[in-house]
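Reader: Please take a single part of this structure and examine it closely. I should like one connected account of how that part is paired, what surrounds it and what lies beyond it.

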Amino acid sequence: LKLRLFAEAQGARIVFYGHTHVPGWTVDGGVLLLNPGSLARPRGYPHPTYAVVRLHRSEAGVEVEISYYDLAGRKQEGLSGRTVLSGTRPTGGASP
């Protein structure tokens with residue numbers, strides 16, 4: 001909640017955060033909150049991870065493609081996903 005409120009105050013629609021080393025993402029109140037995990041000290045997931053985020057404009061808003069990978073570059077399908085950030089409240093999210 002605090003991250004979302006801070007993002008809204010800054011006019012941000014996407015927040016990348018860390019510290020917990022737990023990979024995952026969610027959309028809260030139209031704000032994408034994403035933790036890429038950790039390559040050095042993973043927690044809450046069996047592999048070290050990093051995330052690649054791709055943004056695409058569309059009529060629906062901004063399509064966000066989130067891809068998580070392990071240290072060897074293998075996509076982690078269970079964490080990866082897509083969402084749309086628009087004027088309406090989007091849905092989505094993934095966690096280990």
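Author: Two strands are treated as paired if DSSP finds at least two bridges between them. With that criterion in hand, the part chosen here is strand S5, which spans residues 61-70. The model is a predicted one.

Strand S5 has a paired neighbour in S4 and another in S6. Strand S4 comprises residues 49-58, and 10 bridges join it to S5 in an antiparallel arrangement. The two strands form a hairpin, with two residues between them. Within this pairing, His56 is placed opposite Glu63 of S5. The other partner is strand S6, residues 81-85, which pairs with S5 through five bridges, again in the antiparallel sense. Here Val64 has Thr83 of S6 as its bridge partner.

How covered is strand S5? Seven of its 10 residues are buried, so that the term "mostly covered" applies, buried being under 20% relative accessible area. Part of this burial can be followed into the interior. The largest nonpolar core consists of 10 residues, namely Trp25, Val27, Leu32, Leu34, Tyr45, Val64, Ile66, Tyr68, Leu79 and Leu85. S2, strand S3 (31-35) and S5 are the elements that each contribute two or more residues to this core. Of these, S5 gives the most, with three residues. Val64 thus appears twice in this account: as the bridge partner of Thr83 and as a member of the core. As a general point, the side chains of a regular strand alternate between the two faces of the sheet.

An aromatic contact also involves S5. The structure holds one aromatic pair, formed by Tyr50 and Tyr69. In general, such a pair is described by the distance of the ring centres and the angle of the planes. For Tyr50 and Tyr69 these values are 5.6 Å centre to centre and 25 degrees between the planes, and the pair is stacked. Because Tyr50 lies in strand S4 and Tyr69 in strand S5, the pair ties together parts that are 19 residues apart in sequence. Are the two rings' residues buried or exposed? Tyr69 counts as buried, at 16% relative accessibility, whereas Tyr50 is partly exposed, at 32%. Tyr50 also contributes to the surface: together with Leu39 and Leu71 it makes a nonpolar patch of about 290 Å².

Strand S4 further includes Arg57, which is exposed, with a relative accessible area of 83%. The C-alpha atoms of Arg57 and Leu85 are separated by 9.8 Å, although these residues are 28 positions apart along the chain. Leu85 is itself one of the residues of the core described above.

Beyond this region, the loop between strand S1 (14-16) and strand S2 (24-28) deserves mention. Most residues other than glycine have a negative phi. His19, which lies in this loop, has a positive phi of about 75 degrees although it is not a glycine. His21, found in the loop between S1 and S2, has a positive phi of about 65 degrees. At 73% relative accessibility, His19 counts as exposed. S2, at one end of this loop, is among the elements that give two or more residues to the core.

Key
Residues are numbered from 1 along each chain as its sequence is written. This is a predicted model: local features need pLDDT of at least 70, side-chain atom pairs count only at pLDDT 80 or more; totals for chains, interfaces and linings use all residues. Side-chain values use heavy atoms; hydrogens and water are left out. Buried means under 20% relative accessible area, exposed over 50%, partly exposed in between (1.4 Å probe, protein chains only). Helices (H or I, at least four residues) and strands (E, at least two) are DSSP runs, numbered from the N terminus. Rings of Phe, Tyr and Trp (its six-membered ring) pair if their centres lie within 6.5 Å; planes under 30 degrees apart count as stacked, over 60 as edge-to-face and the rest as tilted. Patches are made of residues with over 30% relative accessible area and no salt bridge: like charges are joined within 9 Å, nonpolar side chains (Val, Leu, Ile, Met, Phe, Trp, Tyr) within 5 Å. Accessible areas come from the Shrake-Rupley method with a 1.4 Å probe; for residues, only the protein chains shown count as cover. A salt bridge is a side-chain nitrogen of Lys or Arg within 4 Å of a carboxyl oxygen of Asp or Glu. A nonpolar core is a set of buried Ala, Val, Leu, Ile, Met, Phe, Trp, Tyr and Cys residues joined through side-chain atoms within 4.5 Å.
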